[in-house]
Amino acid sequence: MKLVIAIVQDKDSNRLANEFIDANIRATKLSSTGGFLKAGNSTFIVGIEDERVEEALGLIKKTCQSRHQYVSTPMSLDISLDGQVPYPVEVEVGGATVFVLPMEGFYHY
């Protein structure tokens with residue numbers, strides 16, 4: 001058994017949840033917040049048999065592709081910087097951060 005922890009952007013979370021349901025993979029979805037963009041994420045916790053780990057990783061990879069998005073830079077409160085206007089910066093968002101851990105036990109009651 002393995003424990004798969006997948007952190008995905010909220011925009012991808014419903015599609016991933018549906019993929020897990022279609023593949024009969026049980027997952028627990030938790031709301032989380034990213035550190036860099038302070039944007040909403042979802043964290044999926046999946047207990048899965050060793051032989052199905054690659055299947056789960058394939059679903060995550062297929063569903064959670066990274067993409068580019070523009071965000072505004074934070075405004076400066078420094079009064080000496082008159083006329084500074086925040087400008088958009090392109091960043092890569094989406095994708096998934098996935099951890100696969102060995103699991104000593106898995107119990108479903």
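**Core, sheet and aromatic pairs**

Biologist: What does Ile48 touch, leaving out residues up to four places away in sequence?

Modeller: In this predicted model, Ile48 touches Met1, Lys2, Val4, Ile25, Val53, Ala56 and Met103.

Biologist: And the largest nonpolar core, how many residues does it have, and which touch the most other members?

Modeller: That core has 16 residues. Those touching the most other members are Leu16, Phe20, Ile25, Phe44, Val46, Ile48 and Ile60.

Biologist: Which elements each supply at least two residues of this core?

Modeller: Two strands, β1 (2-9) and β3 (40-48), and two helices, α1 (10-22) and α2 (53-63), do so. The largest share, four residues, is from α2. In soluble globular proteins, nonpolar side chains tend to be buried together.

Biologist: Moving to the sheet. What is the strand order?

Modeller: The order is β2-β3-β1-β6, in an open sheet of four strands with antiparallel pairing. β2 and β6 (96-102) are the edge strands, each pairing on one side only. From one strand to the next, the twist averages 20 degrees.

Biologist: How many bridges are there between β1 and β3?

Modeller: Eight, in the antiparallel sense. Gln9, for example, has Asn41 in β3 as its bridge partner.

Biologist: And how many join β2 to β3?

Modeller: Six bridges, and those two strands also run antiparallel. Asn41 turns up again here, as the bridge partner of Ser32. Thr28 stands opposite Ile45 in β3.

Biologist: Which strands do the helices lie across?

Modeller: α1 lies across β1, β2 and β3, and runs at about 25 degrees to β3. α2 lies across β1, β3 and β6, at about 170 degrees to β6.

Biologist: Back to Phe20 and Phe44. Why is that pair called edge-to-face?

Modeller: A pair of aromatic rings is described by the distance of the centres and the angle of the planes. The planes of Phe20 and Phe44 are at 75 degrees and the ring centres are 5.7 Å apart, so the pair is edge-to-face. The pair links distant parts of the chain, with Phe20 in helix α1 and Phe44 in strand β3, 24 residues apart.

Biologist: Is Phe20 buried or exposed? And Phe44, buried or exposed?

Modeller: Phe20 is buried, at a relative accessible area of 2%. Phe44 is buried too, with a value of 2%.

Biologist: How many aromatic pairs are there in the structure?

Modeller: Two. Tyr107 and Tyr109 form a stacked pair, with 6.3 Å centre to centre and 5 degrees between the planes. Tyr107 is exposed at 63% relative accessible area, and Tyr109 is exposed at 86%.

Biologist: New topic: Asp12. Where does it lie, and is it buried or exposed?

Modeller: Asp12 lies in helix α1. Its relative accessibility is 0%, so Asp12 counts as buried.

Biologist: What does the side chain of Asp12 make a polar contact with?

Modeller: The side chain of Arg15, at 2.5 Å.

Biologist: Last one. What is the phi of Asn24?

Modeller: Asn24 has a positive phi of about 60 degrees, although it is not a glycine. Most residues other than glycine have a negative phi.

Biologist: Where does Asn24 lie? And does Asn24 count as buried or exposed?

Modeller: Asn24 is in the loop between α1 and β2 (28-33). Its relative accessibility is 61%, which is over the 50% cut-off, so Asn24 counts as exposed.

Notes:
Residues are numbered from 1 along each chain as its sequence is written. This is a predicted model: local features need pLDDT of at least 70, side-chain atom pairs count only at pLDDT 80 or more; totals for chains, interfaces and linings use all residues. Side-chain values use heavy atoms; hydrogens and water are left out. A nonpolar core is a set of buried Ala, Val, Leu, Ile, Met, Phe, Trp, Tyr and Cys residues joined through side-chain atoms within 4.5 Å. Buried means under 20% relative accessible area, exposed over 50%, partly exposed in between (1.4 Å probe, protein chains only). Contact means heavy atoms within 4.5 Å. Rings of Phe, Tyr and Trp (its six-membered ring) pair if their centres lie within 6.5 Å; planes under 30 degrees apart count as stacked, over 60 as edge-to-face and the rest as tilted. A polar contact is a pair of N or O atoms within 3.5 Å; within protein, one must be able to donate a hydrogen and the other to accept it, and residues adjacent in sequence count only if both atoms are side-chain atoms. Two strands pair if DSSP finds at least two bridges between them. Axes are lines fitted to C-alpha atoms, for helices over the stretch in contact, and angles run from 0 to 180 degrees between N-to-C directions.
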